[in-house]
Amino acid sequence: MPEKMEENSPWQTALTQFNNVSKRMNLPEDIHQILKHFSRILTVSVPVRMDNGSTASFEGFRVQHCSAKGPYKGGIRYHPDLTLDDLKALAMEMTWKCSLVDIPFGGAKGGVVCDPKKLSRGELERITRRYTYAIQPIIGPDIDIPAPDVNTNEQIMAWIMDTYSMNKGFCSPGIVTGKPLNIGGSLGRADATGLGVAYIAASAVRQNKKTLKGLNVVIQGYGNVGSAAGKFLEEMGCKIVAVSSSTGGIYNPGGLSHNAIIEHYRKTGGFRYFPHAENITNAELLELPCDVLIPAAMGGQITKKNAGKIKAKLIVEGANGPTTPEADEILSGRKIKIVPDILANAGGVIVSYFEWVQDAQCYFWCKNEVNAKLKILLERSFNDVYAFAQKNKYSLRTSAMMLAIKKVADVFTVRGLYP
Ligand code: NAD
């Protein structure tokens, strides 16, 4: 019997998914035990001088799951509700993601409990620099390479790179990915996760002998990932009918123009009250009729409460962990296909890997080269997962996890256990 779990606890979800898949694939118990645990978890204090002269102390973390295949890799998240459990789930999922798409990294994740909306630019910079200093003993271009995640961006990566380089005494672009281009960033990195979501959506509909042309798409969370996915899906012929941010969303069954809604967001700081659409809540958005639903906001959005009401035919997970396992069961019972996060949003870490390779070589590629290589890796990974799922009658999620875990387990088998 698969283990049951509490809904909406990301770590419980990640661990139970791992336990269930490990049991199904008869993963050897010693490897199961190693992979269930973390190589290292660091909690740090981040004291910072605020603009009003006071000192505030923030809590920061870096979680490293498994480095069997290469350095740790994972984003840095700034969020007021961030917990260590969130980061453990995200770090473990990063291990599976890197393994699935065959890039030589292991999973990590980090962040600071703070609300960037309430911080000045100076405060944000000081938090970033002090946090970088605090985690410096366990990061490095060959050890652990951070990247952007929710509420962090290329400017924050630039501050991390500068702080690390100043402390080391030499310029070290390879310490982070998702950097600005002029300090060793890669062309195509900013849009890579969203472009990857679009490539994966195209691969998924191709299995039903269809194309993306004319399909209605709903996107929850029109941020970095969601808006890039929207832009590319619109270019590929889809109609984006609804989008949202944390403050709510908009819906027009006739279609929304990507450029027009981005312009509206720039002017007003949100999507609501866009003149050519109806205002809706994030809960309503998830239940809209559509061909493709892309959750691209936070984890735990599709739960047993709303899974029965979802009308999408295909879900492509742009966010990490947006669907709880109970919702997964309900959706698969309703024959709604889900492309799991570790495959659907792997474009970001793939191009991060390309950035790291370019930094190491001090030789930079053109955008077409980056995007073409991204497409090859993602399509190959999708085809492997799809073929495995068809052959074994498993869901795409179970198949993706089995393939990913098997590749990590094989590395342990060959490397053996030190000492
Ligand atoms: P982001 O901060 O740029 O965008 C997040 C969007 O979601 C924003 O529009 C925000 O307003 C919205 N949002 C936040 N809370 C919400 C809520 N409760 N309901 C609805 N909308 C909400 O972040 P991002 O980088 O686009 O990341 C989004 C998701 O994709 C996260 O789960 C992240 O872990 C995952 N992801 C990101 C990358 C990447 O390269 N940035 C790569 C892989 C996975």
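Reader: Which polar backbone atom lies 3.5 Å from an oxygen atom of the ligand, and to which residue does that atom belong?

Author: This is a predicted model, and in it a polar backbone atom of Gly318 lies 3.5 Å from an oxygen atom of the ligand. Side chains take part in such pairs as well: a polar side-chain atom of Thr193 is 2.7 Å from a ligand oxygen, and an N or O atom in the side chain of Arg77 is 2.9 Å from an oxygen atom of the ligand. Taken alone, the ligand exposes 820 Å², and the protein buries 85% of that area.

Reader: Which residues around the ligand come nearest, and how do the residues of the shell divide into nonpolar, polar and charged?

Author: There are 22 residues around the ligand, and those that come nearest are Asp149, Thr193, Val225, Ala297 and Asn320. The shell divides into seven nonpolar, twelve polar and three charged residues. Thr193, then, is listed among the nearest residues and also supplies the side-chain contact at 2.7 Å.

Reader: How should I read the largest nonpolar core, and which of its residues touch the most other members?

Author: A core of this kind is a set of buried nonpolar residues joined through side-chain atoms within 4.5 Å. In this structure the largest one has 91 residues, of which Leu35, Trp96, Val316 and Val339 touch the most other members. Helix α6, residues 192-206, gives the largest share of this core, ten residues. A second core, separate from it, has 24 residues, including Met50, Leu119, Tyr164 and Val176.

Reader: Which residues does Leu35 touch, once those up to four places away in sequence are not counted?

Author: With those set aside, Leu35 touches Phe18, Leu27, His65, Cys66, Met92, Trp96, Ile405, Val408 and Phe412. One of these, Trp96, appears beside Leu35 in the list of core residues that touch the most other members.

Reader: Is Ala89 buried or exposed, and where in the fold is its place?

Author: Burial is judged from relative accessible area, with under 20% as the cut-off; Ala89 counts as buried because its relative accessibility is 2%. The place of Ala89 is in helix α3, residues 84-100, and, leaving out residues up to four places away in sequence, Ala89 touches Pro10, Trp11 and Ala14. For a sense of distance, Ala89 and Tyr273 are 36 Å apart in space, C-alpha to C-alpha, and 184 residues apart in sequence.

Reader: Which backbone oxygen does the side chain of His264 reach?

Author: The side chain of His264 reaches the backbone oxygen of Arg272 at 2.9 Å. His264 belongs to helix α8, residues 258-268, and is buried, since its relative accessible area is 12%. Beyond its neighbours within four places in sequence, His264 is in contact with Gly269, Gly270, Phe271, Arg272, Tyr273, Phe274 and Pro275.

Reader: What should I note about the backbone geometry at Asp102, at Lys335 and at the peptide bond from Tyr418 to Pro419?

Author: Asp102 has a positive phi of about 60 degrees although it is not a glycine, and this residue sits in the loop between α3 and β4, where it counts as partly exposed because its relative accessibility is 37%. Lys335 likewise has a positive phi of about 60 degrees without being a glycine; Lys335 is in the loop between α10 and β12 and is exposed, with a relative accessible area of 73%. The peptide bond from Tyr418 to Pro419 is cis, with omega near 0 degrees, and Pro419 is found in the segment after α14.

Technical notes: Residues are numbered from 1 along each chain as its sequence is written. This is a predicted model: local features need pLDDT of at least 70, side-chain atom pairs count only at pLDDT 80 or more; totals for chains, interfaces and linings use all residues. Side-chain values use heavy atoms; hydrogens and water are left out. A residue is near a molecule or strand if one of its heavy atoms lies within 4 Å of it. A polar contact is a pair of N or O atoms within 3.5 Å; within protein, one must be able to donate a hydrogen and the other to accept it, and residues adjacent in sequence count only if both atoms are side-chain atoms. Accessible areas come from the Shrake-Rupley method with a 1.4 Å probe; for residues, only the protein chains shown count as cover. Ala, Val, Leu, Ile, Met, Phe, Trp, Tyr, Cys and Pro count as nonpolar, Asp, Glu, Lys and Arg as charged, and the others, Gly among them, as polar. Buried means under 20% relative accessible area, exposed over 50%, partly exposed in between (1.4 Å probe, protein chains only). Helices (H or I, at least four residues) and strands (E, at least two) are DSSP runs, numbered from the N terminus. Contact means heavy atoms within 4.5 Å.
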